[in-house]
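Dear colleague,

I am passing on the structure we talked about, and I would be grateful if you could keep it open while you read the notes that follow.

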Amino acid sequence: MSRTSLFLLLLLMQPGIAHASRISSSSNYLHKKPAVFQIKAVPSNNSSAIDYAISQADAAMRGNEAERALRILQHYAERNPDSEPLVIAQAKALDALNKTADSVDLLRKYLARIPNSIRARACLADLYFLQGQFRLSRQTFIESLKQTNTHTEHDADDSFVFYRLAQISAIDGDLDQSLHYLKDCLELYPSYFPAHLLTARIYAARNQLKEANASYAKCFDLDKANPAVLTELASILALQGKTLDAVERLLRAHKEEPASVDIVQMFITIYGVWEDW
């Protein structure tokens with residue numbers, strides 16, 4: 001097996017390019033479904049009642065009471081049907097209730113009335129992404145970026161749009177385009193962990209190990225105990241013939257995630273046997 005093929009085999013054991021839709025920007029970056037609508041709605045100019053409704057709904061969501069959150073939001077939305085924050089919050093609650101089709105329908109109807117809502121369009125694109133409708137997601141994200149170019153400057157929130165586009169390009173196999181989007185993402189949000197991780201994975205898959213190591217180093221700066229980073233870096237060290245260094249990284253990963261069968265399997269692949277030193 002070639003060096004590149006070995007790395008790709010090891011990489012596929014972890015949430016990676018082929019499973020990019022499962023990478024989250026939460027504190028536990030790799031082990032939760034992405035929070036839909038990380039792009040925040042523009043604050044409402046209406047009465048403080050909307051802000052109160054959203055704060056109450058957010059509290060309910062944090063308590064795993066999505067049904068209650070949705071009822072609160074729908075009550076206030078009856079009086080404020082064109083409120084972008086309320087619509088996006090409702091879409092989030094619907095998705096949490098696994099009513100993704102209803103969430104999509106809500107956003108599409110809102111955009112039919114208010115087509116210049118950049119955040120609602122980006123949120124719709126993210127829903128398409130999570131459904132695996134990558135072509136439609138790409139088209140909708142690009143439309144939201146075009147609106148941003150027309151109406152305002154890019155900001156840190158837009159970094160998430162570039163990241164999603166990078167994921168879609170990677171899934172399609174266009175790694176050059178993916179790296180281009182990742183560069184745009186990191187220019188807006190230099191500490192965005194998932195973008196550094198995807199950059200590292202792409203370089204590693206292309207056997208550009210120097211560049212991969214540099215990107216993994218940035219991941220370490222942000223999260224020194226992330227088991228996925230430790231495991232993937234171990235695979236690169238193994239490809240470079242640095243077996244003991246690779247073993248050390250895998251043991252650290254195993255300490256962080258002792259139930260992971262994948263880490264043990266990779267240890268056996270690299271070292272030949274499992275030894276829990």
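Is the crossing of α2 and α4 left-handed or right-handed? Before the answer, please bear in mind that this is a predicted model, and that every value below was computed from it. The crossing of α2 and α4 is left-handed. Helix α2 covers residues 48-62 and helix α4 covers residues 84-96, and the two pack with their axes 10 Å apart at an angle of about 15°. Because angles under 35 degrees count as roughly parallel, α2 and α4 are roughly parallel to each other.

As for the overall make-up, the protein contains 14 helices and zero strands, so that reading from the N terminus one meets α elements in the order α-α-α-α-α-α-α-α-α-α-α-α-α-α. Of the 277 residues in the protein, 49% are buried.

Helix α10 deserves a careful look. Its end C-alpha atoms are 18 Å apart, which agrees with the 18 Å that its 13 residues should span at 1.5 Å a residue. Of these 13 residues, 12 are buried, and α10 is therefore largely enclosed by the rest of the structure. The buried residues of α10 include nonpolar ones such as F193, L197, L198 and I202, but H196, T199 and R201 are also among them. After α10 comes N207, which has a positive phi, near 65°.

The partner I would examine next to α10 is α11. The two helices pack at an angle of about 160°, with their axes 8 Å apart, and since angles over 145 degrees count as roughly antiparallel, α10 and α11 are roughly antiparallel to each other. In this pair, too, the crossing is left-handed, as α10 passes α11.

Both of these helices also contribute to the largest nonpolar core, which has 25 residues, and in which L197, Y216, V229, I236, A246, L250 and I270 have the most contacts. The elements that give two or more residues to this core are α10 (193-205), α11 (209-222), α12 (227-239), α13 (243-256) and α14 (261-271), and the largest share, seven residues, comes from α12. There is also a second, separate core of 21 residues, which includes A122, A166, A170 and L186.

That last residue, L186, brings us to α9, where L186 is buried together with L175, S178, L179, Y181, L182, D184 and C185. Helix α9 spans residues 175-188, and its 14 residues reach 20 Å from the first C-alpha to the last, close to the 20 Å expected at 1.5 Å a residue.

Finally, the aromatic rings. A search of the whole structure finds four aromatic pairs, and one of them joins F129 and F134 in an edge-to-face arrangement, with 5.4 Å from centre to centre and 65° between the planes. How do the two partners stand with regard to burial, buried or partly exposed? F129 has a relative accessible area of 1% and is therefore buried, whereas F134 counts as partly exposed because its relative accessibility is 22%, and the cut-off for buried is under 20%. Elsewhere, Y163, Y189 and Y192 form one aromatic cluster.

With best regards

Key
Residues numbered from 1 in each chain as written. Predicted model: local features only at pLDDT ≥ 70, side-chain atom pairs only at ≥ 80, totals over all residues. Heavy atoms only, no water. Helix = DSSP H or I, 4+ residues; strand = E, 2+ residues; numbered from the N terminus. Expected span 1.5 Å × (residues − 1). Buried < 20%, exposed > 50% of the residue type's maximum accessible area, 1.4 Å probe, protein only. Phe/Tyr/Trp six-rings, centres within 6.5 Å; stacked < 30°, edge-to-face > 60°. Core = buried A, V, L, I, M, F, W, Y, C linked by side-chain atoms within 4.5 Å. Axes fitted to C-alpha atoms, helices over the stretch in contact; angles between N-to-C directions. Parallel < 35°, antiparallel > 145°, perpendicular 65-115°, else oblique. Left-handed = near helix turned anticlockwise from the far one by under 90°.
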